[in-house]
Amino acid sequence: DDRDAMRKLTGRSFSKFERAWKAWLRRQKLKVRKDAGVVEMRFKKSARSDDLEELEGVEKAIADYVRLGDLLRGKDRHKAGLKEYEKALRTAGGGWSALIRTKLASAHLALGEHAEAIKAIGKVPDLHQGYAMAYVMLGRSHLGLDQWEQARGWLLRALGYNPYDPVVHAGLRKACEALGDDACVRRAEESIELLRRRPGAEEGAR
């Protein structure tokens with residue numbers, strides 16, 4: 001069974017291995033971060049819009065600020081939307097920081113404030129591993145600052161989670177062109193062409 005396999009692999013019983021592992025954890029002096037989290041992947045059918053899906057489980061006061069921010073930005077009032085996201089972040093404390101911070105970054109990008117967008121993302125990539133939208137925001141922000149190496153790195157990480165975003169591929173192509181990375185440019189162009197030919201791509205682009 002599993003315990004026999006553990007004994008063969010480590011040369012010690014399961015209980016001794018467990019005690020040694022717990023002792024090792026204590027020596028690391030790890031701290032619990034309330035603002036850290038694991039990104040959940042959920043696959044289900046829903047008639048609700050995307051904005052309602054992403055706010056599922058969020059405290060009403062926070063969700064209201066985020067929705068109002070989204071509505072204002074939908075009318076190109078990005079500064080006003082930014083203020084609502086800031087209210088949401090203050091209300092949320094550490095909770096839901098990944099969602100709110102990426103929206104903050106998006107608003108800063110719409111205003112051409114690339115350095116502020118990077119600052120808004122903060123430690124989201126460290127505390128919320130796999131939150132790909134944060135990688136996209138960082139990639140776009142570094143592009144706006146002509147920081148090509150950083151942009152390429154973040155956009156590649158974003159594509160590791162979602163390889164079907166033509167905007168990310170286009171950004172990667174720009175960064176790779178500036179870096180003289182011809183192989184990367186070719187791969188990005190091939191990906192953009194494949195996505196352009198994908199059924200429904202034209203409808204989705206409208």
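Which residue just after H9 takes a positive phi? Keep the question in mind; the tour reaches that residue after a look at the whole chain and at H9.

**Whole chain**

Start with everything shown as cartoon. This is a predicted model. The protein has 13 helices and zero strands, so a colouring by secondary structure follows an α-α-α-α-α-α-α-α-α-α-α-α-α pattern along the sequence. Of the 206 residues in the protein, 33% are buried. Taking contacts between residues at least 6 apart in sequence, 46% join residues at least 24 apart.

**Helix H9**

Select residues 132-144, which are helix H9. H9 has 13 residues and spans 19 Å from its first C-alpha to its last, close to the 18 Å expected at 1.5 Å a residue. Is H9 enclosed or open? With 10 of its 13 residues buried, H9 is largely enclosed by the rest of the structure. Show side chains for the buried residues: Ala 132, Ala 134, Tyr 135, Val 136, Met 137, Leu 138, Gly 139, Ser 141, His 142 and Leu 143.

Next, add the surroundings. The cover over these buried residues includes helix H6 (97-110), helix H7 (114-121), helix H8 (124-127), H10 and helix H11 (166-179).

**Tyr 135 and its partners**

Stay on H9 and centre the view on Tyr 135. Its relative accessibility is 0%, so Tyr 135 counts as buried. Now add Trp 154 and Tyr 161, which form one aromatic cluster with Tyr 135. A search of the whole structure finds two aromatic pairs. In the pair of Tyr 135 and Tyr 161, the ring centres are 5.8 Å apart and the planes stand at 50 degrees, so the pair is tilted. This pair links distant parts of the chain: Tyr 135 belongs to H9 and Tyr 161 to helix H10 (residues 148-161), 26 residues apart.

Add Arg 157 to the same view. The charged end of Arg 157 sits over the ring of Tyr 135, 4.4 Å from the ring centre.

**The loop after H9**

Move along the chain to Asp 146, in the loop between H9 and H10. Here is the residue asked about at the start: just after H9, Asp 146 takes a positive phi of about 60 degrees. Asp 146 has that positive value although the residue is something other than glycine. Its relative accessibility is 48%, so Asp 146 counts as partly exposed.

**His 114, across from the end of H9**

Select His 114, which is placed in helix H7. Which residues does His 114 touch, leaving aside those up to four places away in sequence? The contacts are Leu 109, Arg 140, Ser 141, Gly 144 and Leu 145. Draw a distance from the C-alpha of His 114 to that of Leu 145: the two are 6.6 Å apart in space and 31 residues apart in sequence.

**The disulfide**

Select Cys 176 and Cys 184 and show them as sticks. A search of the whole structure finds one disulfide, and it joins Cys 176 to Cys 184, with an S to S distance of 2.0 Å. The torsion about the S-S bond of Cys 176 and Cys 184 is about 50 degrees, so the disulfide is right-handed. Both Cys 176 and Cys 184 are buried.

**Helix H12**

Cys 184 leads into the next stop, helix H12 (residues 182-197). H12 has 16 residues and reaches 23 Å from its first C-alpha to its last, close to the 22 Å expected at 1.5 Å a residue. Look down the axis and colour by accessibility. Cys 184, Val 185, Ala 188, Ile 192 and Leu 195 are buried. These residues cover an arc of only 100 degrees around the axis, which puts them on the same side of H12. On the other side of H12, Asp 182, Leu 194 and Arg 197 are exposed.

**Last stop: H4 and the loop after it**

Go back along the chain to Leu 68, found in helix H4 (residues 60-74). Leu 68 is partly exposed, with a relative accessible area of 38%. A C-alpha distance from Leu 68 to Ala 80, 12 residues apart along the chain, reads 9.3 Å.

Finish at Asp 76, in the loop between H4 and helix H5 (78-92). What phi does Asp 76 have? Its phi is positive, about 65 degrees, although Asp 76 is not a glycine. At 61% relative accessibility, Asp 76 counts as exposed.

Definitions and conventions: Residues are numbered from 1 along each chain as its sequence is written. This is a predicted model: local features need pLDDT of at least 70, side-chain atom pairs count only at pLDDT 80 or more; totals for chains, interfaces and linings use all residues. Side-chain values use heavy atoms; hydrogens and water are left out. Helices (H or I, at least four residues) and strands (E, at least two) are DSSP runs, numbered from the N terminus. The expected span of a helix is 1.5 Å times one less than its number of residues. Buried means under 20% relative accessible area, exposed over 50%, partly exposed in between (1.4 Å probe, protein chains only). The arc is that of the directions from the helix axis to the C-beta atoms. Rings of Phe, Tyr and Trp (its six-membered ring) pair if their centres lie within 6.5 Å; planes under 30 degrees apart count as stacked, over 60 as edge-to-face and the rest as tilted. A charge sits over a ring if NZ of Lys or CZ of Arg is within 6 Å of the ring centre and within 35 degrees of the ring normal. Contact means heavy atoms within 4.5 Å. A disulfide is a pair of cysteine sulfur atoms within 2.5 Å.
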